[in-house]
Structure formats: C-alpha cells, structure tokens
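Reader: I'd like to go through this fold with you, piece by piece. Can we start from the inside and work outwards?

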Amino acid sequence: MEKRPRVSTIKYGIKPVEAVTAEQLERIHQASLAILREIGIEFRDETAIRQWKEAGADVRDHRVRLEGDMVMDLLSKAPSRFEMTSRDPSQRFEIALDTMTFGAMQGAPNIRDLQGVRRASTIEDLRNMNRLTQMLPGFHIAGGFTCEPTDVAVPWRHLHINHSSLVETNMPFFGLTTGQQRAEDSIAMGRIIHGKEFMDENAVMMGHVSGNSPLVWDATMLEGLRAFVEANQVVLLSPFVLGAANTPADIPATIAQLNAEALAALAYTQLVRPGAKMIYGQYSVSVSMRSGAPMSGMPEVTLINAVIGQMARRYGVPWRTTASQSSAKTFDAQSGYESAVAYMSGASANANLMMHAGGWDEAGLVCCMAKFVADAEQNLLIEKYARGISFDHFDEALEAVRRIGPGGHYLGDSFTLKHFKDAFIAPEILDYLSYEQWKVKGSRDMAQRCREKAGAIIASYEQPSLDPAVREELDAFVAQRQEEISPSIS
C-alpha cells in the first residue's frame, strides 16, 4: 500500500443498517425510560448523589430514579459534533453522527510480540505499540494504555502510560479515568504539552468511563468523568454488556437495559457541565452458555450494534462500537473472521468511534503486534467502504466504455492510467501472489508477514518533535508525582 497521510475526518457515504422499525425503536426507548423511572440506576458516588438531588431527581440512598423529561432535557444540551486535535496541526478530525473514527486497542495485560510469543506486556511494549500507532496511517486516536505496562507499579502506571502517549505520538490519545487522582494527573500532563489555555478550548484527549452492568455507575469512574468534563475533554461512556450474564437473555431487553445505563451516564455528564463533549459507548459481547466466556463476532452483537446506532442517532449523540474484537487464542482464521464481522457490523451501522481497531485477541487479554499491523491496513479498507461510492468521474468513465467497446480491455486506457490508484485500493499486507510466487518469496503466512512489517516499522520509527524544555517539564512531573504517590496505593 502506497505511503499515505494519516486518516482525517471520514464522512460516511453509505446508509446505516436499521435492524428495527421506528415503532420497535420507540418501544425500546420507552422501556429504557421505564427502567430509569421505576428501577433506577445506582450512582455509587456521593458527589453524583448530591448533584442529582439538587437537580430534583428521586434519590434514595444511592439509587437514582429519573423521569424521562429530565433525561431528555439534559441530553438535548450535548453536542452532536465536535473536533479533536493535538500538537500537530494536521491531527484534527471531527467526531459526529456522520463520521467514522479509529482508535487503537486498550487495556491488554499481555502482548503477542514480534516473535509470536504471548507474555505479560511491559513499558517497552507499550512504547512500541505507540510507535506503531504513530507510524501507521490507519488510526485517529492513540490507545493510551494499548497494553498494560505490568512491570510498572500500579499506583505509578498511569504516569508512564500518559508519558508514552505524549512522547511517542503527537496524536489525540486516551487518558486514564480510573479515579480522580489518575484523571487529574492525565489532564495535568496534557496541559504541560498543550498548555491549559489550548486545552480549555480544544479536546486533545478522551477518557473511557466504563459502567458496571447491570445498572451501576461507580465512584472511581464518575470521579474520572468529572475531571475530564471539567477540563473540556471528551468522555466515552460505555455500559459493559455480557449478554445473558449481566443482561437478560434477550436482544431487545438487553438493548433496553444497556440504553438505560447509557442514558443515565450521558444525562449525568450534561448535569456536570452542559455542552460537555461525550460519546454514547457500549461494549457488547454474548456469553457462551458452555464455558461462560465472552464470544466475539456473533450475530446477536451485530444486531445490538445496529440498534444502538439507531438509538444514538435518535438522541443526536455520536456512538462507539468495538471494531476488531476476537476471542481467538492466536492470530488465526477465528481471529480474522470475528474481527471482520465486528468491523463490518460497526461500519454498516455507521459507528462514529471504532474502538479497539487494532490488535485485539483473546477477548481483550492480548494485544497482538502482528494483528495490530493487519488491522491498521483494514482500517484503510473500511474507510474506503464507509465513504461510499463517488460519482465524480462517472461520465468520464462511461466515455472509456464507448472507446473500448466489445471485446477490448481497459488496462492501457487513459482513464484507467489516470484513476486506477484512487479507484481500487491495493493492500500491502494481504497476499495476492500466485502459489508459485508465494513459495519463491518464502511461503510466509499472514502472521509472519505482519510480524516482519511491525519490526520494520519500529526500526524506522522517528519520534515526533517536542520542545526540549517541555519534555524536561513532563519528565519532572512524572518523577515528582512518583515521589508523592505511595507505591502501596492501588
């Protein structure tokens, strides 16, 4: 594939799949409002409870019951479109109801390395994943904690994760939201690089706020939410669905519960700061009734994606799905099949943030470096699909039909020579040689080709420029906070 600039704003040109009728969508919406009104959501956080009481919600202990009018009024304050940027002026893109964005994988405690060996991930692995993210054009947002640096003590880990994001990449990135301290450190480190005034006006990082399904948002996540929102940064609010385990064994009822959880968090975000930039998130998998393990790429999850897309568009807020999830234990056919289904279901439902779009295997326990490279190329293929069909050259192309006529070929035609590079994408990682040519080149399978590609990219990596004084300040902040934070604090 010819070297190309990083993806910028991708506008959808394809119509979204709709899995339910308008009447069925309304039925799910009303069921979600009934859950909020009759059952309620637990906000296990004293600040949130105080804020909900002051807003007039029905609060009993930590259970918050919400009327539909209050929820929808708060939701109406949310922006349907916003921009993310970074210190590289070219790294600007929109997240909106009609755009697609790719984010790298997050949270794997293990790596499958350049030798294909599965092991606990380290800080050097994280740096290499950020180097790959920086060099590959198929990502908008760096993953932050693409893999967990398990060789760094947990209380200090967030400092080194953020440091790597800010030094190894010049992209928007995911900060840490697991508690107020980690969130505030993430924001402080961002401000060292970008400046407080710039961040007051621009979103450069995103915070992933995960729900505790069923029907709970806990203090750790809500503290992180408030810190990011008050700093004018983006929050991604994701209920965590394990179908038939923490939701009913029924697709529409699962969606109704998921939607109620999401609506409560989305509304709360606007209660904290009206106009806050936010994304309707969800992580959804079904659960094997044989083993209890999560299953990726299943048809039920594809249907959930489609309906959540319909819901998010009804509410006017961008939404997220998981792009490249797989339960495979190695980078094999299962890994490819499951991820392909996840990619296409997200794109066909017009997802606005394609999360984990690189490297995800073993239900998120492993980040595979080879697959990360393959997925980065898939992102460019999915981008081409999402943009849809262009009619810019239609009339000119029909003239070629008239020139060639019956029985001819178009390979040497002037129109083909002028437009073939843009008309049909040509992947590098996927192999289209004949069997004989493939054997002559070493009979390398997909995983081997991708490992070699990843190694070559890391070897050619060039760190983005950063003012030495700013780098010194960032390093000093990490050292100071590491001194201040006790290693016994988890």
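Author: Sure, and keep in mind that this is a predicted model. One term before we start: a nonpolar core is a set of buried Ala, Val, Leu, Ile, Met, Phe, Trp, Tyr and Cys residues joined through side-chain atoms within 4.5 Å.

Reader: Okay, which helix gives the largest share of the largest nonpolar core?

Author: That core has 89 residues, and Phe-43, Trp-52 and Tyr-280 have the most contacts inside it. The largest share is 12 residues, and they come from helix α9 (residues 251–272). There's also a second, separate core of 34 residues, with Trp-360 and Phe-331 among them. For the largest core, though, the helix you want is α9.

Reader: Is Thr-169 buried or exposed?

Author: Thr-169 sits in the loop between α5 (154–168) and β10 (173–175). Leaving aside neighbours within four places in sequence, its contacts include Arg-87, Asn-130 and Pro-464. The cut-off for buried is under 20% relative accessible area. Thr-169 has 1% relative accessibility, so it counts as buried.

Reader: Which backbone nitrogen does the side chain of Thr-169 reach?

Author: On one side, a polar atom of the Thr-169 side chain lies 2.7 Å from the backbone oxygen of Ser-165. The nitrogen contact is at 3.4 Å, and it belongs to Met-171.

Reader: Why is strand β16 described as largely enclosed by the rest of the structure?

Author: β16 pairs with strand β14 (residues 240–243) in the parallel sense over 4 bridges. With strand β17 (residues 294–295), β16 pairs in the antiparallel sense over 2 bridges. As for the enclosure, β16 covers residues 283–287, and it's called largely enclosed because the number of buried residues is 5 of the 5.

Reader: In the hairpin of β16 and β17, which residue takes a positive phi?

Author: Val-287 stands opposite Pro-294 in β17. The hairpin has 6 residues between the strands. The positive phi, near 80°, belongs to Gly-292.

Reader: How far apart are the end C-alpha atoms of helix α1?

Author: Helix α1 (residues 22–39) has 18 residues, and at 1.5 Å a residue it should span 26 Å. The model agrees with that, as the end C-alpha atoms are apart by 25 Å.

Reader: And what follows α1?

Author: Buried residues of α1, including Leu-25, Ile-28 and His-29, belong to the set that packs against β2 (41–44), β4 (63–65), α3 (68–75), α9 and α10 (299–315). After the helix comes a residue with a positive phi near 90°, and that's Gly-40.

Note on methods:
Residues numbered from 1 in each chain as written. Predicted model: local features only at pLDDT ≥ 70, side-chain atom pairs only at ≥ 80, totals over all residues. Heavy atoms only, no water. Buried < 20%, exposed > 50% of the residue type's maximum accessible area, 1.4 Å probe, protein only. Polar contact = N/O pair within 3.5 Å; in protein donor to acceptor, adjacent residues only side chain to side chain. Contact = heavy atoms within 4.5 Å. Pairing = 2+ DSSP bridges. Expected span 1.5 Å × (residues − 1).
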